[in-house]
Amino acid sequence: MLGKFELFMPTDFNEACILKAKGARPVAGGTDVYVNRHGGKDRDPEIVDIKLLKELQGHSYTEGEGLDLGALTTHRDIETWDIIKKKYYAMFSGCSQVGSVQIRYRGTLGGNIMNGAPSADSIGPMLVHNAEVTVAGPNGERQIPLETFYTGFKKFDIQSDELLTRIRIPDVPENAGSAYYKYMRRGAMDLALMGVSAYLELDGDVMRNVRIALTTSAPTPVMSHSAEAVLEGQKVSDEIIAKAAEAVASEGKPRSSWRSSAQFRIRLLHDITILVLHEAVERAGKSFEAKAEPIPMRLYPGQEGLKPRPKEEV
């Protein structure tokens with residue numbers, strides 16, 4: 001049972017901010033909040049449904065500028081948008097693996113960010129694509145890089161009277177490629193046991209603007225800056241990618257849980273980094289149309305246990 005609560009559905013942004021400041025729990029898609037209420041984890045007496053706020057709605061792409069995504073943009077919006085498949089493939093890969101299609105129709109990018117789970121499939125891809133969030137309240141707007149928005153486990157750089165309104169992601173050049181790999185224990189709906197996202201640009205065979213993000217590797221989604229430094233300005237080779245994978249494994253701080261040991265997760269970090277970097281390189285080296293076939297997963301010695309990513313319907 002959800003338990004009793006008072007529901008507000010404001011259409012005025014400032015009213016929603018005031019309700020939040022007074023303790024009402026914001027809800028967009030509700031795929032986490034209502035599930036947690038049903039399980040007895042959260043029993044907030046007041047909920048403010050923010051779906052009617054126009055400041056959080058809409059999503060668009062402008063050539064040369066990039067993506068302007070309202071916080072209410074759903075995973076399904078991203079999954080079915082051709083420009084995402086063509087230019088922001090890591091985001092397509094992440095959002096298309098969130099729960100079931102029914103969940104993806106309701107779950108929002110803003111909700112995924114504000115849930116704060118380090119296993120969130122959309123966060124790593126947005127991090128490597130250099131996302132910036134906008135939070136707003138009665139005192140105006142603030143733009144914050146997504147990487148610094150997380151201040152701790154389920155903690156954020158946001159005030160009690162502010163709401164996350166938009167996510168902006170810069171345009172990417174033709175020589176860029178990105179990828180996301182999610183390791184799961186089973187070929188069904190599941191949280192990421194470990195995930196790695198990568199973005200890079202190719203100047204001939206030299207890697208530029210390399211960004212790597214780790215999922216389920218720390219209390220918050222994190223970047224692997226040491227691995228990025230290994231690759232930046234280097235020619236593509238199996239040897240340099242293997243060195244970057246070692247850096248990722250050294251930098252990641254996964255924990256042991258009933259789902260997996262920390263030692264196994266560290267090994268996954270190493271192996272998955274090799275996979276995802278090779279895919280990002282291949283995507284950067286080719287011009288992919290929206291209907292392009294996914295690149296097959298490449299296996300290396302010791303990776304026979306890795307499960308291939310489900311074939312996307314692109």
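# Notebook: salt bridges, cores and one enclosed strand

I started with the side chains of Asp49 and Lys51, which meet in a salt bridge with an N to O distance of 2.6 Å. The model is a predicted one. I looked up the cover on both partners. Asp49 has a relative accessible area of 5%, so I list Asp49 as buried. Lys51 comes out at 34% relative accessibility and therefore counts as partly exposed.

**Other salt bridges**

I then searched the whole structure and got 14 salt bridges. I noted a few of them.

Lys182 forms one with Asp121, and the closest N and O atoms are 2.9 Å apart. I checked where the two partners sit: Lys182 is in strand β11, Asp121 is in the loop between α7 (109-115) and α8 (123-128), and the pair links distant parts of the chain, 61 residues apart. Are Lys182 and Asp121 buried or exposed? Both are buried.

Arg142 forms a salt bridge with Asp157, with 3.2 Å between the closest N and O atoms. This pair also links distant parts of the chain, 15 residues apart: Arg142 belongs to strand β7 (residues 140-145), and Asp157 lies in the loop between β9 (155-156) and β10 (163-170). Arg142 is at 26% relative accessibility, so I enter Arg142 as partly exposed. Asp157 is at 27% and is likewise partly exposed.

I also found a network of salt bridges that links Asp68, Arg166 and Arg168.

**Strand β11**

Lys182 took me to β11. I asked how many residues of β11 (residues 176-183) are buried. The count is eight of the eight, so the strand is largely enclosed by the rest of the structure. I split the strand by face, because side chains in a regular strand alternate between the two faces of the sheet. One side holds Ala176, Ser178, Tyr180 and Lys182, and the other holds Gly177, Ala179, Tyr181 and Tyr183. The residues on both faces are all buried.

Next I looked at the pairing. β11 runs antiparallel to strand β12 (residues 194-203), and the two pair over eight bridges. For the register I wrote down two positions: Tyr180 stands opposite Ser197 in β12, and Lys182 stands opposite Gly195 in β12. So that the context is on the page, I add the sheet.

The sheet is open and has four strands in the order β11-β12-β13-β14, with antiparallel pairing. Its edge strands are β11 and β14 (222-223), each of which pairs on one side only. β11 is thus an edge strand and is nevertheless buried at eight of eight residues.

**Nonpolar cores**

I looked up the largest nonpolar core, which has 49 residues. Which of them touch the most other members? They are Ile113, Met126, Leu146, Phe149 and Ile167.

I listed the contacts of Met126, leaving out residues up to four places away in sequence. Met126 touches Met91, Leu109, Ile113, Ala131, Leu146, Ile167 and Ile169. Of these, Ile113, Leu146 and Ile167 are also among the members with the most contacts to the core.

There is a second, separate core of 30 residues, and its members include Ala198, Ile212, Ala227 and Ala280.

**Nonpolar surface patch**

On the surface I noted a nonpolar patch of about 270 Å², made by Leu7, Met9 and Leu52. Met9 is placed in the loop between β1 (6-8) and α1 (13-21). The relative accessibility of Met9 is 45%, so Met9 counts as partly exposed.

**Positive phi**

Last, I looked at backbone angles. Most residues other than glycine have a negative phi. I recorded two with positive values.

Asn130 has a phi near 65 degrees. Asn130 is found in the loop between α8 and β6 (132-137). At 45% relative accessibility, Asn130 is entered as partly exposed.

Asn209 has a phi near 50 degrees. Where is Asn209 placed? It is in strand β13 (residues 206-215). Asn209 is partly exposed, with a relative accessibility of 37%. β13 is one of the four strands of the open sheet noted above.

Definitions and conventions:
Residues are numbered from 1 along each chain as its sequence is written. This is a predicted model: local features need pLDDT of at least 70, side-chain atom pairs count only at pLDDT 80 or more; totals for chains, interfaces and linings use all residues. Side-chain values use heavy atoms; hydrogens and water are left out. A nonpolar core is a set of buried Ala, Val, Leu, Ile, Met, Phe, Trp, Tyr and Cys residues joined through side-chain atoms within 4.5 Å. Buried means under 20% relative accessible area, exposed over 50%, partly exposed in between (1.4 Å probe, protein chains only). Contact means heavy atoms within 4.5 Å. Patches are made of residues with over 30% relative accessible area and no salt bridge: like charges are joined within 9 Å, nonpolar side chains (Val, Leu, Ile, Met, Phe, Trp, Tyr) within 5 Å. Accessible areas come from the Shrake-Rupley method with a 1.4 Å probe; for residues, only the protein chains shown count as cover. A salt bridge is a side-chain nitrogen of Lys or Arg within 4 Å of a carboxyl oxygen of Asp or Glu. Two strands pair if DSSP finds at least two bridges between them.
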